[in-house]
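Please open the structure in a viewer and keep the sequence panel visible. This tour proposes a series of selections and states what is found at each.

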Amino acid sequence: MNRYRQSIDKFQEAKAYVAGGVASSLRVSMKPAPLYVRKAYGAIIQDADGHEYMDYMLAYGPLILGHAHPGFNERILEALRKGSTYGMQHDGEIQLGRRLTEILPCAEQVAFSGSGTEAVMLALRLARAYTSKRKIVRFYGHYHGWSDAIFTSFPSPDFSSARPTEGNSDIVPGTNGQSRSSLQDIILLPWNDPEALEETLTQHHHEIAAVITEPVMCNSGCIAPKPGYMEFMRELTSKLGIVLIWDEVITGFRMGLGGAHERFGILPDLVTIGKALGGGIALSAVAGNREMMRLIEEGTVMHLGTLNGNGLSTAAGLAVIEELSKEDGQVLKDMENTALRLSDGIRSVLGRNGHQVVVNQLGPVFHVMFIDRTEVNDFDTFNLRDTNLYTLFAEALLHEGILVRPNGLWYVSSAHGEKETEKTLLAVERVARKIAVHP
Ligand code: PMP
């Protein structure tokens, strides 16, 4: 009897009605099958066959408080009793707006939306309207959502659908069916490379509206910026009249309550936040200085969305902030310690068992890579990792009751503590002995 029988059967059933059988293309990549979930609580998720897993996927990032957090759920239920959405204004918007402007150093004002993709769309629009320029500089290995305006391929098993089919641009779109004209406004550069940045911005600043970057390359190796790189990017963009957008959809609330820009002490012009902000409820925001955000008030930049700022989402955002602010931010510090202990432990357990690995950790997030190198600090090196071996590792961990993303990125929540770390490292030890040693 297959251990994942229920999930396999349900996936087959879903395929009859749901395109591709899953609701977001990435989810199909899970091996041995896309799992169906019965319920989840704390750090634990239970599949349709009744197996329980320690969850380090955390729904791709939003669940910073873990699953079904009691305080969070209470606030959501309380909000629901008053109605889910009004298409009109309510106090929750004011309260969350005020809290975010208090918490995020870059935020004089915020604009709400429902997903990271939408927040990035708005930020790009603001930048273009503000500068009256068109081009956007983005970086290899970063991900900014799946809108036509910014989605480009990057060679990762997670994003394998891209096919260069038409057009003469050297930028490969993220998917078939994507508008080519929008990608003509994109300039792709290697990240952590100050010379490449300086050369392009200096030559083309008259047509570049914005540079958009993840402050930590979480989507490809959890790579930190080189010392001075982000400061240099800030200086150069300011000098050349280019808007600097930090995409903090992953780092927001993780690298600190004030995001990576608070942690690094740098002020971007615009910041996008999502995922953890809603704690599992659809919510994202653009935060920025008043001078740029006023384009929305003036009506020169349209910001739309039926469900924007709905009562459920603002209650979620406020609940997450309240929980993370407890004990003077100790919750986040604990989470970061857990991630540190786990990443150190995984590195040493795998190393002891003959595997060559690099584990990059920053804040409560880390990336595990099987690779014949001592460090991974750029996208080209990241692409040398053994993805097949990692797939085997992830699949073997699943059998041991540990759920991780197939691409190597691990998220830690406030529900993960010492007990969970210990259990996880024992499972990693068993798996390390089982899987083949890196050749
Ligand atoms: N920006 C970054 C940095 C992300 O990691 C993601 C999602 N992984 C997005 C934007 C898009 O967010 P969403 O999936 O909520 O549209």
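Two strands pair if DSSP finds at least two bridges between them. With that in mind, select Phe-366, which stands opposite Trp-410 in strand 14. The model on display is a predicted one.

**The sheet around Phe-366**

Next, select strand 12 and strand 14, which pair in the antiparallel sense over three bridges. Adding strand 11 completes an open sheet of three strands in the order 11-12-14, with antiparallel pairing. Which strands form the edges of this sheet? The edge strands are strand 11 and strand 14 (409–411), each of which pairs on one side only. Viewed together, neighbouring strands of this sheet are turned against each other by 20 degrees on average, direction ignored. Now display helix 10 as well: this helix packs on the sheet and touches strand 11 and strand 12. The direction of helix 10 makes about 175 degrees with that of strand 11.

**The two domains**

Zoom out and colour the protein by domain. Domain 1 consists of 5–68 together with 328–434, while domain 2 covers 70–323. The C-alpha centres of domain 1 and domain 2 lie 25 Å apart. To see where they meet, select the contacting residues: 32 residues of domain 1 are in contact with 32 residues of domain 2. On the domain 1 side, at least two residues each are supplied by helix 10, strand 11 (357–361), strand 12 (365–370) and helix 11 (379–382). Which of the elements gives the most to this side? Strand 12 does, with four residues. By class, the side of domain 1 that touches domain 2 has 19 nonpolar, 12 polar and one charged residues.

**Along helix 10**

Select residues 311–352 to highlight helix 10, and then pick Asp-344 within it. Is Asp-344 exposed, partly exposed or buried? Asp-344 counts as partly exposed because it has 14 C-beta neighbours inside 10 Å, whereas burial would require 20 or more. A distance display between the C-alpha atoms of Asp-344 and His-142 gives 25 Å, for two residues that are 202 residues apart along the chain.

Glu-327 also lies in helix 10. Its phi is near 50 degrees, a positive value in a residue other than glycine. Most residues other than glycine have a negative phi, and most peptide bonds are trans. Glu-327 has 10 C-beta neighbours inside 10 Å and therefore counts as exposed.

**Two further backbone features**

Move to Tyr-60, in the loop between strand 3 (52–55) and helix 2 (70–81). Although Tyr-60 is not a glycine, it has a positive phi of about 70 degrees. With 15 C-beta neighbours inside 10 Å, Tyr-60 counts as partly exposed.

Then select Pro-32, found in the loop between helix 1 (5–17) and strand 1 (37–41). A cis peptide bond joins Lys-31 and Pro-32, with omega at about 5 degrees.

**Strand 5 and its partners**

Select residues 135–139, which make up strand 5. Why can strand 5 be described as largely enclosed by the rest of the structure? Five of its five residues are buried, so the surrounding structure largely encloses the strand. In a regular strand the side chains alternate between the two faces of the sheet. Show the side chains here: Lys-135, Val-137 and Phe-139 point one way from strand 5, and Ile-136 and Arg-138 point the other way.

Two partners should now be added to the selection. Strand 7 (residues 208–213) pairs with strand 5 in the parallel sense over three bridges, and Ile-208 in strand 7 is the bridge partner of Lys-135. Strand 6 (residues 186–189) also runs parallel to strand 5 and is joined to it by four bridges. Within strand 6, Leu-188 is the bridge partner of Arg-138.

**The ligand**

Finally, select the ligand and the shell around it. How many residues surround the ligand? There are 14, and the closest are Ser-115, Gly-116, Thr-117, Gly-145 and Val-249. Helix 4 (residues 116–131) gives the most to this shell, with three residues. Colouring the shell by class shows five nonpolar, seven polar and two charged residues.

Note on methods:
Residues are numbered from 1 along each chain as its sequence is written. This is a predicted model: local features need pLDDT of at least 70, side-chain atom pairs count only at pLDDT 80 or more; totals for chains, interfaces and linings use all residues. A residue is near a molecule or strand if its C-beta atom, placed from the backbone, lies within 6 Å of it. Ala, Val, Leu, Ile, Met, Phe, Trp, Tyr, Cys and Pro count as nonpolar, Asp, Glu, Lys and Arg as charged, and the others, Gly among them, as polar. A residue is buried if 20 or more other C-beta atoms lie within 10 Å of its own, exposed if 12 or fewer, and partly exposed in between; C-beta atoms are placed from the backbone. Domain bounds come from an automatic or database domain assignment. Two residues are in contact if their C-beta atoms, placed from the backbone, lie within 7 Å. Axes are lines fitted to C-alpha atoms, for helices over the stretch in contact, and angles run from 0 to 180 degrees between N-to-C directions.
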